[in-house]
Amino acid sequence: MSIVVTGATGHLGRHVVQQLLEKVPADQVTAVVRDEAKAADLAARGVRLAVADYNRPETFDGVFAAGDKVLLISGNEFDKGRVAQHKAVIDAAKAAGVALLAYTSAPGSLKAALADDHRDTEEILLASGLPYTLLRNGWYHENYTENLAPVLEHGAVVQAAGEGRVSAASRADYAAAAVAVLTGEGHENKTYELGGDEAWGFAEYAAELSRQTGKEITYNPVTVDAYTQILTGAGLPGPLAGVLAGVDASIEKGELAISTGDLSRLAGRPTTPLADAIAAALKG
Ligand SMILES: NC(=O)c1ccc[n+]([C@@H]2O[C@H](COP(=O)([O-])OP(=O)(O)OC[C@H]3O[C@@H](n4cnc5c(N)ncnc54)[C@H](OP(=O)(O)O)[C@@H]3O)[C@@H](O)[C@H]2O)c1
C-alpha cells in the first residue's frame, strides 16, 4: 500500500511529496513522473518512482495497487485532451482497486472555460464508483507572483478583472490540504472548496508590490478583449489567451472568491497571506 502522487515533478506535486515526507516514511510514497531524470532527487530520498504518461494509458498498468491512496494532479496540456488523460488514470486506479482517488479540481463556483475539463473529470471519477475526494483548488498566488518581471518593468499590473477579488493561496497551502486528505481519515466522497483565508483585488496587489519594492506600481484594468490581445502579443497561443482572459472575467464576477474556510481547516493553519507570497517572490 502506498500514497501515490501523479504530476510529482510539477510545482504542486513537489510541494505535496515534500510535505508527505514530513509525515510518512519515504518507502510509502510513490511519485508518478514522465521523466525519471527530473525526479532523481526524490529517488535519492527513498521515494519510489513510477514512470507513466497520461497520454499513454498502458503506461499506468501496474502503477497502482489495491489499497493505495492516489492524488491525481490535473495535467497542463490544454491542447491534448485533458479529460481523456485523467480518465486513463482513473481507469487504472479503478482496475487496481485503490482505496481513494483525490483529484485537484477547480472551484464549483468557477464558470470559466478553464473549469470544463475539471467538471468532466469529476463526472468520470464519480461514475467510476471509486472512493474519491474532490480538492477544488482555488487560484494560486504564484500565478501572479511568478510573473513579476513585466509588472516591475512597466510599473503596472494589467488585468481584466475590474474590482473583482480572488481568494488565492500559495501552492504549499493547497499541497498541505492534499497531504491532510492522503494521510488522514474520513475524506472519502467529500468535496472541498479550497481558497485563501483573505480575498484580494488587483489594486491591493499593486499597492502591496509598491510597498515592498518602493516603486510606484498601479493597477491598470483593461477589457477582456484588450487583455486577450496583450496575452497573444506576448506570445501566448490565441485559445490559451482566451481561456486566461476568461478567468479574469470570472474573477470580476466573484467566481474565484471562496469563503468556505476548507483550505485552512484541512491544512491546520492559516493560508499564506498575499504579502508573504510577494516577499518570497521578490527574494527569488
Ligand atoms: N489553481 C491554480 O491556480 C492553477 C494554476 C495553474 C495550473 N493549475 C492546475 O493544477 C495543476 C498542478 O499545478 P502546477 O502548478 O503543479 O502545474 P505544473 O507545474 O505545470 O505541473 C503539471 C504536472 O503535470 C504533469 N503532466 C502534464 N502532462 C502530463 C502527462 N501527459 N503525463 C504525465 N504527467 C503529466 C507534469 O509533468 P512534468 O513534470 O513531466 O512536466 C507536471 O508534473 C496543473 O497541471 C493545472 O491542471 C492550477
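**Exercises: helix packing and a ligand shell**

Helix 3 and helix 4 are roughly parallel to each other. The model behind these exercises is predicted.

**Exercise 1.** Find at what angle the axes of helix 3 and helix 4 cross, and classify the pair.

*Solution.* Step one: locate the partner, helix 4, at residues 116–128. Step two: take the axes, which come within 9 Å and cross at roughly 20°. Step three: apply the cut-off, by which angles under 35 degrees count as roughly parallel. The pair is therefore roughly parallel. Step four: add the hand. Helix 3 passes helix 4 in a right-handed crossing.

**Exercise 2.** Classify the packing of helix 8 and helix 12 from their angle.

*Solution.* Step one: helix 8 covers residues 202–213, and helix 12 covers residues 274–283. Step two: their axes are 10 Å apart, at an angle of about 50°. Step three: angles under 35 degrees would be roughly parallel, and 65 to 115 roughly perpendicular. Neither class fits, so helix 8 is oblique to helix 12. Step four: this crossing of helix 8 and helix 12 is right-handed.

**Exercise 3.** Do the same for helix 9 and helix 10, starting from their axes.

*Solution.* Step one: the elements are helix 9 (residues 224–233) and helix 10 (residues 238–252). Step two: the axes come within 9 Å and cross at roughly 140°. Step three: roughly antiparallel needs an angle over 145. Helix 9 and helix 10 are therefore oblique to each other. Step four: the crossing of helix 9 and helix 10 is right-handed.

**Exercise 4.** Describe the residues that surround the ligand, and say which are the closest.

*Solution.* Step one: count the shell. It holds 23 residues, and the closest are Thr 9, His 11, Leu 12, Tyr 54 and Ser 74. Step two: sort by character, which gives 6 nonpolar, 11 polar and 6 charged residues. Step three: list the side-chain polar atoms by partner.

- Thr 9 places a polar side-chain atom 2.7 Å from a ligand oxygen atom.
- Asp 53 has a side-chain N or O atom 2.9 Å from a ligand nitrogen atom.
- Glu 77 has a side-chain N or O atom 3.0 Å from a ligand nitrogen atom.

Step four: consider the cover. Alone, the ligand exposes 880 Å², and the protein buries 86% of that. Step five: assign elements. Helix 1 (11–21) and helix 3 (82–96) each give two or more residues to the shell.

Technical notes. Residues numbered from 1 in each chain as written. Predicted model: local features only at pLDDT ≥ 70, side-chain atom pairs only at ≥ 80, totals over all residues. Heavy atoms only, no water. Near = heavy atom within 4 Å. Polar contact = N/O pair within 3.5 Å; in protein donor to acceptor, adjacent residues only side chain to side chain. Areas by Shrake-Rupley, 256 points an atom, 1.4 Å probe, with all protein chains shown as cover. Helix = DSSP H or I, 4+ residues; strand = E, 2+ residues; numbered from the N terminus. Nonpolar A, V, L, I, M, F, W, Y, C, P; charged D, E, K, R; others polar. Axes fitted to C-alpha atoms, helices over the stretch in contact; angles between N-to-C directions. Left-handed = near helix turned anticlockwise from the far one by under 90°.
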